[in-house]
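Please work through the following exercises with the sequence and the structure open beside you. Try each task on your own before you read its solution.

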6 protein chains.
Amino acid sequence: MERLPFDVIEDLKRFLREDIRSGDLTSNITIPVDAKGKATIYAKSKAVLAGMEEVIAIAELTGLQHDLHVFEGNWVNPGEGVLTLTGQARILLAIERVSLNIVQRMSGIATKTYNIVHEAKKMNPKVRVAATRKTTPGFRYFDKRAVKIGGGDTHRYALDDMVLIKNNHISVVGSVGEAVRLARREVSFSKKISCEVRTLQEALEAIKAGADIVLLDNFSPQDVAGVHKILTEKGLRNKIILEASGGIDQDNIKAYAESGCDVLSSGALTHSYESSDFNMLLTIE
Amino acid sequence: MERLPFDVIEDLKRFLREDIRSGDLTSNITIPVDAKGKATIYAKSKAVLAGMEEVIAIAELTGLQHDLHVFEGNWVNPGEGVLTLTGQARILLAIERVSLNIVQRMSGIATKTYNIVHEAKKMNPKVRVAATRKTTPGFRYFDKRAVKIGGGDTHRYALDDMVLIKNNHISVVGSVGEAVRLARREVSFSKKISCEVRTLQEALEAIKAGADIVLLDNFSPQDVAGVHKILTEKGLRNKIILEASGGIDQDNIKAYAESGCDVLSSGALTHSYESSDFNMLLTIE
Amino acid sequence: MERLPFDVIEDLKRFLREDIRSGDLTSNITIPVDAKGKATIYAKSKAVLAGMEEVIAIAELTGLQHDLHVFEGNWVNPGEGVLTLTGQARILLAIERVSLNIVQRMSGIATKTYNIVHEAKKMNPKVRVAATRKTTPGFRYFDKRAVKIGGGDTHRYALDDMVLIKNNHISVVGSVGEAVRLARREVSFSKKISCEVRTLQEALEAIKAGADIVLLDNFSPQDVAGVHKILTEKGLRNKIILEASGGIDQDNIKAYAESGCDVLSSGALTHSYESSDFNMLLTIE
Amino acid sequence: MERLPFDVIEDLKRFLREDIRSGDLTSNITIPVDAKGKATIYAKSKAVLAGMEEVIAIAELTGLQHDLHVFEGNWVNPGEGVLTLTGQARILLAIERVSLNIVQRMSGIATKTYNIVHEAKKMNPKVRVAATRKTTPGFRYFDKRAVKIGGGDTHRYALDDMVLIKNNHISVVGSVGEAVRLARREVSFSKKISCEVRTLQEALEAIKAGADIVLLDNFSPQDVAGVHKILTEKGLRNKIILEASGGIDQDNIKAYAESGCDVLSSGALTHSYESSDFNMLLTIE
Amino acid sequence: MERLPFDVIEDLKRFLREDIRSGDLTSNITIPVDAKGKATIYAKSKAVLAGMEEVIAIAELTGLQHDLHVFEGNWVNPGEGVLTLTGQARILLAIERVSLNIVQRMSGIATKTYNIVHEAKKMNPKVRVAATRKTTPGFRYFDKRAVKIGGGDTHRYALDDMVLIKNNHISVVGSVGEAVRLARREVSFSKKISCEVRTLQEALEAIKAGADIVLLDNFSPQDVAGVHKILTEKGLRNKIILEASGGIDQDNIKAYAESGCDVLSSGALTHSYESSDFNMLLTIE
Amino acid sequence: MERLPFDVIEDLKRFLREDIRSGDLTSNITIPVDAKGKATIYAKSKAVLAGMEEVIAIAELTGLQHDLHVFEGNWVNPGEGVLTLTGQARILLAIERVSLNIVQRMSGIATKTYNIVHEAKKMNPKVRVAATRKTTPGFRYFDKRAVKIGGGDTHRYALDDMVLIKNNHISVVGSVGEAVRLARREVSFSKKISCEVRTLQEALEAIKAGADIVLLDNFSPQDVAGVHKILTEKGLRNKIILEASGGIDQDNIKAYAESGCDVLSSGALTHSYESSDFNMLLTIE
């Protein structure tokens with residue numbers, strides 16, 4: 001818990017167990033139990049560094065010493081050493097793959113997020129780019145933390161984090177206004193209510209009923225801008241957070257960023273990134 | 001256990017808990033507890049379908065009925081319905097995201113694997129394309145199963161699956177020959193021994209010492225072909241499985257496939273795929 | 001998951017294991033394995049009924065049939081049967097104590113909540129009475145659900161549910177305004193920000209910095225009313241939710257309810273309730 | 001395991017996870033990761049102190065230092081500091097609520113137990129006041145330990161701790177004598193056998209059949225005294241432990257204590273106590 | 001929980017996971033997923049049958065049907081079919097080894113226990129033969145249940161089941177009398193107190209202090225008989241249970257059985273038995 | 001993970017919990033919490049020592065110091081001290097039984113394995129004696145490790161470790177050749193394929209189809225020798241590993257060892273060993 005919550009520590013242990021299972025057959029045969037080693041993780045591609053806390057937690061879990069060379073969130077260049085671990089050689093070898101798998105994915109996501117946020121902020125310095133729940137099952141905490149390191153907004157971690165009324169809910173309840181009012185009445189005051197709308201009319205209805213966030217799903221940048229403009233004219237724009245989602249990625253981020261929207265949610269941050277490349281060089285004494 | 005081992009069922013439950021946590025706030029407010037629904041998963045991009053067993057297991061875990069329209073491993077086209085679930089509407093909504101997250105990732109990996117295997121087999125119908133341990137932590141079983149569905153070889157699931165002697169091990173033991181002999185003596189007869197080599201000389205040494213697999217890491221296709229040729233000339237080629245690894249991906253798979261190698265291992269299958277696109281359309285009665 | 005999230009099912013299993021451990025020594029000796037029985041839970045005191053979903057889930061977990069006579073949230077009178085379970089007699093005996101322990105506590109909390117909410121609403125029909133995190137460790141979900149059944153607001157389930165800036169945080173950051181602005185910048189747009197204030201000045205600062213909720217901790221009802229009045233005069237009242245907390249209980253709830261506050265948070269709902277009295281009458285065939 | 005068994009450590013971790021979940025949103029934003037702090041738990045009401053071992057175990061689990069000022073079982077007065085923790089400020093804030101929730105409940109139970117035991121011992125210094133299994137699910141170990149700290153008897157932890165034959169068991173077997181003899185024959189010699197009786201006749205039957213404990217459920221103090229007297233006259237009183245239960249609480253404890261009974265079991269110790277009041281004052285450096 | 005407590009179900013699942021891990025590689029390749037089969041467990045050696053409840057629970061966990069031919073506790077002869085399972089062939093193959101491992105061990109223990117109890121009862125029909133805590137770690141419930149099926153006494157399941165004062169405890173406290181009195185005072189009335197003694201003098205001291213059980217560890221049968229005789233003469237024999245332990249096994253059980261002792265504890269029941277031989281014959285349709 | 005994989009640490013914790021449960025009732029009463037002690041494990045019978053890593057891991061888990069006197073795999077004589085633990089006296093007492101239970105079983109298996117391997121090697125220095133999956137459920141890792149310490153081969157840990165085609169699989173697929181070819185095609189190149197055969201003809205078929213291992217189940221030593229001879233004459237002997245199994249134990253090991261077979265698999269190593277005798281002598285300061 002030094003750095004990470006308990007649940008995450010349990011995740012890290014499970015990740016190690018998944019890879020090590022009944023033991024590292026090869027190292028247990030070839031490496032003396034008392035051999036010591038030093039292992040440095042190097043970037044092999046340009047990336048926004050992430051996953052250091054996780055590897056440091058693994059080091060602490062397994063009795064290794066660590067020396068961090070670069071803080072998370074910084075750009076690293078190929079060949080740059082980011083973290084050095086020292087201790088039992090067998091353990092260094094046993095944790096190598098899991099550690100790199102974490103760093104590569106998290107840095108990949110952080111890098112993609114950074115780039116997309118950077119593009120968006122050129123158009124609108126106040127806009128937020130948020131991740132969605134389209135994460136790898138079992139790895140959400142890490143996916144979301146990488147988004148945060150890259151400058152993105154983590155959005156909901158789980159279905160109990162916020163009310164998000166979608167079309168299915170609306171069609172059962174009957175109308176946007178009814179659904180938002182129902183949620184307002186039933187949900188704790190500590191929760192925000194977001195409502196997906198399909199038309200300007202529905203947006204107005206949601207605002208009137210007390211939604212905190214209006215979500216424009218699959219609107220073109222132009223249509224988002226249109227909603228933004230009308231809400232502004234009606235003096236309603238500052239009553240809600242305006243969020244757009246649906247196919248937002250590198251290629252259209254600028255257009256959405258200039259639409260006047262507050263939040264751009266992009267599933268691609270966590271489902272269509274490229275892993276950054278890192279390796280671990282190990283010397284055994 | 002109908003279809004999946006117990007450990008996997010535990011994984012699926014954990015995935016659901018990660019997303020649902022203390023409950024689906026929105027659906028619990030808007031959807032009556034006894035509302036029934038029907039949900040169909042549709043492909044939105046062309047893909048090799050995977051993840052059906054997992055979603056069916058989720059359905060069984062949560063009391064839903066299922067009707068499978070397409071078997072795993074088949075190509076699906078945009079708009080094609082692959083699986084229909086029926087039952088409590090609240091549950092359909094609660095499992096939607098996790099189910100899609102699984103199907104999209106697994107189908108993405110299966111698709112990438114299929115394509116790369118297809119290319120490789122054009123050059124050498126007997127060649128195998130294998131995944132590595134570069135999987136998302138906590139998701140390895142699913143990543144590997146997707147590789148298998150796509151026609152790939154799953155390779156090691158964990159560090160106890162096979163002996164794989166790498167340079168670090170060799171440098172501690174002293175030589176390739178020593179390392180292989182040591183492993184041969186110490187490891188169960190039920191395990192294969194693979195040895196990474198840097199030169200033809202080391203390959204010969206590994207074979208002589210009794211390795212089952214010789215792994216050429218970061219050899220060019222030409223150098224792999226050279227090793228293959230000399231081993232063939234010396235009558236040693238059929239004594240071992242020849243494996244190549246290191247930067248193998250879509251762009252160079254053909255060259256490696258014609259090198260005469262038996263197995264091409266590619267981390268990219270599980271770390272640099274693109275998620276396939278699927279959605280779930282739900283009607284509530 | 002029919003009714004309750006997976007995590008809760010795991011909790012219920014753990015509760016049963018806590019009580020049953022290696023087996024119900026007495027029933028295993030005296031009751032034939034194939035004896036059937038019928039058990040009805042009766043109220044022994046006047047109470048707002050809660051815990052039915054939990055007992056029904058236990059019944060489903062252990063292969064019992066159930067027949068619910070009264071819905072949760074209704075008042076029950078001494079002698080009123082609320083739920084009948086039928087099945088293996090040994091199992092009925094094994095789950096008796098855990099089931100009653102749940103129903104008694106949850107109904108006790110629901111009853112206390114109902115009464116206090118009822119008093120508050122007499123003064124202000126729109127006021128909410130909310131629970132705090134002062135719940136029994138390991139039992140929070142059930143404590144909170146009982147509050148909801150009794151008509152209360154569940155407030156935060158955990159430290160990641162909302163930002164709640166307290167004096168300790170403020171003193172580190174430097175000022176209320178700085179703290180709220182910092183939170184606004186760092187936290188996801190999907191989260192609300194609440195800020196505890198000690199003075200009207202701090203309340204104004206919090207509002208200006210963008211807090212969603214202003215928490216008046218340990219203010220007298222008169223002081224709360226004073227803040228409410230000034231905020232109303234300044235046209236700021238509808239920009240935030242006004243919450244009071246600190247020693248709020250049955251005896252002062254009315255005074256706080258007329259203060260103009262939106263939310264009254266009371267730890268007493270979950271730490272100082274009296275368990276309702278229920279028993280289970282069992283006939284074995 | 002320094003002080004508490006492993007199972008309890010797992011409980012404490014689960015309690016922390018319940019409250020902290022994916023992280024303490026507020027402190028992670030406002031408190032620097034390397035800020036140090038000092039936190040002292042103070043009594044706010046007069047109470048018999050309990051829960052110190054638990055908080056110390058939490059401190060050890062989370063890397064905090066502790067300094068205990070008052071031993072468990074002692075009376076503390078409002079304003080008295082009982083335990084000081086030092087270490088990472090973020091961690092002090094993250095564990096505050098769970099720690100107080102434990103201390104408040106356990107001290108509440110210890111205080112109630114102390115008072116009731118004190119009253120009982122005035123009448124009969126040898127009498128024991130015992131808790132029942134009417135504990136909060138998942139929190140039994142702590143409830144029972146608090147009873148012990150307050151001077152009470154913990155009674156059964158679980159259904160496998162002792163044979164306790166109740167009316168349901170008797171009616172299936174046929175008679176008190178049969179039920180006790182059956183249990184005597186079937187259960188390990190290491191277990192005690194208690195039998196609930198409705199009449200003096202049944203009490204005699206139970207004793208003759210070899211019961212270790214005779215339980216008088218819902219007898220008035222006068223009726224308990226009557227049974228005690230007759231058993232004494234028949235020379236049977238020292239063959240068994242005489243226990244009374246059913247509605248025993250503060251108001252009637254003295255009457256039961258003078259009845260000659262050995263053990264008075266009171267569910268109220270753990271289901272109808274009032275939480276003691278404690279707070280934690282924290283300074284961050 | 002139909003038959004076994006929840007904890008045991010978790011154990012059985014873990015046993016299956018240990019053997020099946022990521023899947024039954026061979027059956028998944030060679031057996032069609034929809035093939036059905038019938039599997040019968042046959043005795044291959046003469047044995048007292050045990051483990052049927054466990055295999056039936058495994059069958060229920062994995063969706064198999066079962067047909068029990070012989071009840072636990074009966075002698076079975078080589079070639080006798082004891083239980084038939086039907087269902088998915090892959091599952092029958094996957095659970096075969098774990099099921100047999102359980103049945104073979106439990107029947108081995110039940111058989112050894114039966115034989116030793118039988119010998120003992122020839123000498124003294126009232127004597128009990130009890131197991132100790134010398135069980136295989138993680139398998140205690142099953143070891144103990146097998147002892148019970150064989151007619152033995154299960155003794156303590158865990159260190160919290162009874163007070164058992166050994167020499168180490170006595171030497172710390174100062175004397176047998178002190179230790180027993182201390183335990184009597186501190187432990188719940190629901191627990192028995194056993195005390196290990198080295199001399200007749202200590203036995204008298206333990207009885208006087210109120211021990212329920214006097215344990216003669218490493219006494220010869222003659223010395224046990226001597227203690228029994230003197231206690232009888234002094235009129236103290238019926239005040240306590242007399243237990244002997246230390247090297248008690250098949251070869252000396254009769255001598256101890258005639259010593260007048262009540263309970264003979266033998267670690268050999270669970271650490272030096274021979275597994276019974278069973279196999280499973282499977283036909284696949 | 002200093003020495004053992006994480007999963008094993010979890011096993012050890014579970015073993016401790018099984019024995020300690022809610023606490024060591026006796027020691028908690030009689031031993032002061034701050035008493036220190038020293039405990040030495042002594043051999044009481046001649047044995048090949050095993051289980052030291054496990055006890056050392058338990059010591060580390062519970063904050064004890066250790067001093068190892070004899071390495072695993074060495075013979076120890078009655079009276080020889082093998083490991084000394086120091087630390088809190090209560091903890092030494094609490095871990096005593098679990099530690100001895102592990103050491104006694106593992107040393108028993110290591111001793112039996114050593115003896116049987118020793119006999120076998122007299123006849124054929126190259127032969128391997130392997131364990132099977134006939135281990136105690138939940139204790140396989142420890143059973144297998146003990147076999148390794150005794151000089152045996154661990155064979156498969158689980159059903160996913162190797163393909164092992166048995167008669168049931170063959171009869172479904174149609175023939176030995178078909179089954180091996182099917183497995184060859186379907187299974188990862190990293191896995192070995194073993195095939196059980198009933199005749200020489202089937203052995204030839206398996207070899208031709210590419211099996212790595214041919215398993216002669218329930219062949220007499222003479223028949224094994226016959227197969228070995230013919231395969232040698234046909235020049236096929238060095239293409240495969242020849243394994244025999246079925247009733248192999250101390251009494252026939254020599255005959256099988258001279259048969260020319262490579263591997264002799266014996267379930268008896270783990271199901272019919274005798275626990276070695278060890279005790280722990282403890283002094284409390």
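**Exercise 1. Two domains in one chain**

Task: How far apart do the C-alpha centres of domain 1 of chain A and domain 2 of chain A lie, and which residues of domain 1 supply the most buried area against domain 2?

Solution. In this predicted model, the C-alpha centres of domain 1 of chain A and domain 2 of chain A are 35 Å apart. To find the two parts in the sequence, note that the domain assignment gives domain 1 as 6–110 + 274–284 and domain 2 as 112–271.

Next, turn to the place where they meet: 18 residues of domain 1 of chain A are in contact with 16 residues of domain 2 of chain A. The area buried between these domains is about 1400 Å², and carbon and sulfur atoms give 67% of it. Within the area that domain 1 buries against domain 2, Met106(A), Ile109(A) and Ala110(A) supply 40%, more than any other three residues.

Then consider the charged and polar pairs. Three salt bridges are found across this interface of domain 1 and domain 2 of chain A, and Arg145(A) forms a salt bridge with Glu54(A) in which the closest N and O atoms are 2.7 Å apart. Between the two domains of chain A there are seven residue pairs in polar contact, both residues being at pLDDT 80 or more.

Finally, ask which elements are involved. On the side of domain 1 of chain A that touches domain 2, two or more residues come from each of helix H1 (6–20), helix H3 (52–61) and helix H4 (89–123) of chain A, and the largest share, five residues, comes from H4(A). By residue type, this side of domain 1 divides into ten nonpolar, three polar and five charged residues.

**Exercise 2. The contact of chain B with chain C**

Task: Which helix gives the most residues to the side of chain B that touches chain C?

Solution. Begin with the extent of the contact, which takes 14 residues from chain B and nine residues from chain C. The area buried between chain B and chain C is about 1000 Å², with 58% given by carbon and sulfur atoms. Arg17(B), Arg21(B) and Ser22(B) supply 46% of the area that chain B buries against chain C, more than any other three residues.

Now look at the specific pairs. Two salt bridges are found across the interface of chain B and chain C, and Asp7(C) forms a salt bridge with Arg17(B), the closest N and O atoms being 2.9 Å apart.

For the helices, H1 (6–20) and H4 (89–123) of chain B each supply at least two residues of the side that touches chain C. H1(B) gives the most, with four residues. The residues on this side of chain B divide into six nonpolar, five polar and three charged.

**Exercise 3. A salt bridge between two helices**

Task: Are Glu54(B) and Arg145(B) buried or exposed, and what does their pair tie together?

Solution. The general idea is that side chains of opposite charge can pair when their charged atoms come close. The side chains of Glu54(B) and Arg145(B) meet in a salt bridge, at 2.7 Å from N to O. Because Glu54(B) lies in helix H3 (residues 52–61) of chain B and Arg145(B) in helix H5 (residues 140–149) of chain B, the pair ties together parts that are 91 residues apart in sequence. Both Glu54(B) and Arg145(B) are buried.

**Exercise 4. A salt bridge within one helix**

Task: How many residues apart are Arg181(F) and Glu178(F) in helix H7 of chain F?

Solution. First establish the pair: the side chains of Arg181(F) and Glu178(F) meet in a salt bridge, at 3.2 Å from N to O. Both lie in helix H7 (residues 176–186) of chain F and are three residues apart there, so about one helical turn separates them. As for their surroundings, Arg181(F) is partly exposed, with a relative accessible area of 42%, and Glu178(F) is partly exposed as well, with a relative accessible area of 38%.

**Exercise 5. The contact of chain E with chain F**

Task: How many salt bridges are counted between chain E and chain F?

Solution. Start from the contact, in which 58 residues of chain E meet 58 residues of chain F, and from the area buried between these chains, which is about 5000 Å². The count between chain E and chain F is eight salt bridges. As an example to locate, the side chains of Asp160(E) and Arg21(F) meet in a salt bridge, at 3.0 Å from N to O.

Terms used. Residues numbered from 1 in each chain as written. Chains lettered and ligands numbered in written order. Predicted model: local features only at pLDDT ≥ 70, side-chain atom pairs only at ≥ 80, totals over all residues. Heavy atoms only, no water. Contact = heavy atoms within 4.5 Å. Buried area = accessible area lost by both parts, 1.4 Å probe. Salt bridge = Lys/Arg side-chain N within 4 Å of Asp/Glu carboxyl O. Nonpolar A, V, L, I, M, F, W, Y, C, P; charged D, E, K, R; others polar. Domains from an automatic or database assignment. Polar contact = N/O pair within 3.5 Å; in protein donor to acceptor, adjacent residues only side chain to side chain. Buried < 20%, exposed > 50% of the residue type's maximum accessible area, 1.4 Å probe, protein only.
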